[in-house]
Amino acid sequence: MPHTSMGPGARKKLFGAVALRGVGPWRRLVLTSLMASVGTFGSVGCGVQRQKPAMSADALKRVTIQRVVLSEQQFAQAVVKLLNDGEQTPERLNLLVAVVQHQLGRAAWYFDAGQEDVGLTATMGALLLVRTGELRSEMFSGKERTLLAAAAAVSRRGREGQTRGFFDLVDPLLVPGSAKTDVAAHVAALKAWEADSAPGTMVAASQKQRSQAAHALITRDAESLENANVATVAWVTRALNVGGEQGAPMTHDEFDERNEAHRAVTIGAPVMAALYLRDGDAAAAVNALEGEPMSVISNPRLVARLADAADGDADAWGDLFSFYQSSKAAGELGLDPDVALAAAWGAALARHRADPTTMQSAVGLATLLAEHSMPDAALALLDPVLGKEPSAEELGWSLTLLLRSLDQAEGRGDLALVRQSYQNAARYVELAATARYSNGMRPGAIDVWQEMGGLESRAGYLEEAYPYLTRVAERSSNASVLRLLAGIQRHKGDLNGARESLSKMVKLANAASDPAGEAATQVMIYDLERERGQTQAAGLALQTALERVLGARSQARTGPQLAAVERVLADVLERYGEAEAANRAVGRAEDAARNDSVQLTATVLDAARRALCLSDLEAGRRALREALDGDLADADLTYAALWVKLLQLRVHAPSDGSVEEALARVDSAEGSWTSALRDWARGSLTREQLLGRASNPIQRVEAQFYTALSEHVEHASDQTLTKLKAVANSEAIELVEVRIAREFLLSAQGAQRPALPQGINLP
């Protein structure tokens, strides 16, 4: 039935009621998830916005590109402008080139930092913004290394079609030389491999279809799209022939043939539709499915919903987005994740344009933007949609996306993106702080401010962190925030303010009947009072900490709880100089944390740090062995190995091989900070080279610490102490290395540890 012969209302009824069409039960496609629309924000209006006629391909090619360099502040708004208006104009094409250039620059930063997965995702995000026929060489000029890195990444993942696609993009940009020769050799090898793939078989047809579809999603040209269409038709045609065979398969090859045939007739229609939905062209998808052989396997509900989408029905676009978004993780017999992603993107964008004023139409697109390293654009997209009086549900969803984006950006070391993302959401964060929303809404403005304060603090920007944290402290009693405030106040020289913040923490712990929490706070008070020269107050705080933590041991009910309490006890005993008793507490903590990787990691790293500070070689090596046996993450294992290496230098002991074994296990990507520390520990990097690899304030402090301490433990001098003092006084107050530097300075000053109170029986 031609899609032009019925109205949207009739098609909706058909979508829900018509029987499945096909040649057998095993060929039927179940699209129940297609019935669910994205989001939970009420009903969706259907204010249709039809696109204006597109410029011809020849006209697009003749447009002169005016090179524009976008700032971080301009980038998000430029992306939003592209997403809101799809009309093909010279102005839009120029803006598109600038946006793609900027996003590829972001991807290059991730590749250079050793974050290949993130770099590849960011690169794919740049290509998602480009429709078929819009690709221009100016988008990639100067970004050859990024395209080559993306090609290498997809090649390692066995994505031949994408690999060819990236090579096709980069080859015209390369000057004659080794890189261009290597690309030609890789392309020739890929073509030879595809030619050798058992021609004439179902498996070969499937491989070709996957490759051509993936290639078309990268190169974005009409010829590649047509090749993908032809390959999909051939794939389904062969599958229908194989599906008619009788009897059970007798060999592995026969099983593979039947399996691929089953996959073709099961998902062939949504795969074909995805090729056109990538550009938001639902009408072309309908036409492709109504021809032979696709009409034999096409689900009428899918065709009807595509036709509704072609008429501008926002609900239909939402259904299509939900289906393809959920299909990204459908398993071996599901859609290729990249094909599903392309269709989900096109559907999300079309839905937003069909109904640009509602939150429900924006959430899918905002989610995909954030997933592709454009959270700043996602948050800017939401701002006008939220308006002046969004519902608490809509505002809460937006703040959830913001918090998730902040966390991801911090994990990638991208502080600039953290700040820009917050800036683009600042208006509705402030809105969430008003009386209408502030009572009971979670997440709320307080959660965002606390996250930003913690992020800035961990990044070593204490002045930037302080206003966020003070706003939280003014509105909420929060031990985590008070701890950070105390650390910042201590750094600023406001020791009285720090003492007041810690006193508030003690009150919170008492109110919560949390003796372990109070003990940990009393330890911080001890350190502060010792720094203030208040010996008696310091001793009283440490004695209180010991009493509270010993009492807390009897209240611990789970392994993680006991491990946390024993770690606090070890911390207290370290300050008394009771190394053996502290080591016993560490052993109990390790036993209690066997099934909790977070607690085990914290326990082992704390033990290695303590061993370095107390010159306890046996304890340090034991901690490193626990780190090896516990299979700690690369970064954690590297730090443990570094501390034991420095400990061995401090006590002039030869290596027992554990440090070398740990460093050999570290397999972090080249370019990452972990790999730099590993290489320095191995002697592969000089002091200057390690400092040169540091790309942010925290890394620079770490580099200064390790180079200074390695000099100090071998040849202590006033000069090395001065370097350690610079680390101890740095803004990186969250670093363990800062604490170690302080301990070494106190040791050099001959600071005396308090005596253990009489009558205390240590476990």
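The following questions and answers walk through a predicted model, moving from its cores to its helices and loops.

Trainee: Which residues have the most contacts inside the largest nonpolar core?

Mentor: In this predicted model, the largest nonpolar core brings together 155 residues. In general, nonpolar side chains of soluble globular proteins tend to be buried together. Within this core, the residues with the most contacts are Phe166 and Leu369.

Trainee: Leaving aside neighbours within four places in sequence, which residue of helix 9 does phenylalanine 166 contact?

Mentor: Leaving aside its neighbours within four places in sequence, phenylalanine 166 is in contact with residues including Leu120, Thr123, Met124, Leu127 and Leu147. Its partners in that list also include Ala150, Ala151 and Val154. Phe166 belongs to helix 7, which meets helix 9 through a set of residues that includes Ile218. The name that appears both among the contacts of phenylalanine 166 and in helix 9 is Ile218.

Trainee: How many charged residues take part in the contact of helix 7 with helix 9?

Mentor: Helix 7 (residues 160-170) packs against helix 9 at an angle of about 35°, with the axes 7 Å apart, and the crossing is right-handed. On the side of helix 7 the meeting residues include Glu160, Arg164 and Asp168, while Ser211, Gln212 and His215 are among those of helix 9. The contact divides into four nonpolar residues, seven polar ones and, for the charged class, three.

Trainee: Why is helix 9 described as largely enclosed by the rest of the structure?

Mentor: Helix 9 covers residues 202-219, and its reach of 26 Å from first C-alpha to last is close to the 26 Å expected at 1.5 Å a residue. Just after this helix, arginine 220 takes a positive phi of about 55°. Helix 9 is largely enclosed because, out of its 18 residues, the number that are buried is 14.

Trainee: How many polar residues are in the contact of helix 11 with helix 12?

Mentor: The axes of helix 11 (residues 252-277) and helix 12 (residues 282-290) come within 8 Å and cross at roughly 150°, in a right-handed crossing. Ala269, Met272, Ala273, Tyr276 and Leu277 of helix 11 meet Ala282, Ala284, Ala285, Ala288 and Leu289 of helix 12. These residues divide into 10 nonpolar and no charged, and the count of polar residues is likewise none.

Trainee: Is isoleucine 525 buried or exposed?

Mentor: A second, separate core of 90 residues includes Met505, Ile525, Ala662 and Ala741, and isoleucine 525 is found in helix 26 (residues 515-532). Leaving aside neighbours within four places in sequence, isoleucine 525 is in contact with Arg499, Leu502, Val506 and Ala541; its C-alpha atom and that of valine 506, 19 residues apart along the chain, are separated by 9.7 Å. Because its relative accessible area is 2%, under the 20% cut-off, isoleucine 525 is buried.

Trainee: Which helices do the buried residues of helix 34 pack against?

Mentor: Helix 34 (residues 673-682) is mostly covered, with nine of its 10 residues buried, and Trp673, Leu677 and Trp680 are among those buried residues. After the helix comes glycine 683, whose phi is positive, near 90°. The buried residues of helix 34 pack against helix 32, helix 33, helix 35 and helix 36.

Trainee: Which residue is joined to proline 293 by a cis peptide bond?

Mentor: Most peptide bonds are trans. Proline 293 lies in the loop between helix 12 and helix 13, and the cis bond there has an omega of about 0°. Another cis bond, with omega near -5°, runs from arginine 442 to proline 443, in the loop between helix 21 and helix 22. For proline 293, the residue on the other side of the cis bond is glutamate 292.

Trainee: Does histidine 652 count as buried or exposed?

Mentor: Most residues other than glycine have a negative phi. Serine 615 has a positive phi of about 60° and lies in the loop between helix 30 and helix 31, where its 32% relative accessibility makes it partly exposed. Histidine 652, in the loop between helix 32 and helix 33, also has a positive phi, near 60°. Because its relative accessibility is 65%, over the 50% cut-off, histidine 652 counts as exposed.

Key. Residues numbered from 1 in each chain as written. Predicted model: local features only at pLDDT ≥ 70, side-chain atom pairs only at ≥ 80, totals over all residues. Heavy atoms only, no water. Axes fitted to C-alpha atoms, helices over the stretch in contact; angles between N-to-C directions. Helix = DSSP H or I, 4+ residues; strand = E, 2+ residues; numbered from the N terminus. Left-handed = near helix turned anticlockwise from the far one by under 90°. Contact = heavy atoms within 4.5 Å. Nonpolar A, V, L, I, M, F, W, Y, C, P; charged D, E, K, R; others polar. Expected span 1.5 Å × (residues − 1). Buried < 20%, exposed > 50% of the residue type's maximum accessible area, 1.4 Å probe, protein only. Core = buried A, V, L, I, M, F, W, Y, C linked by side-chain atoms within 4.5 Å.
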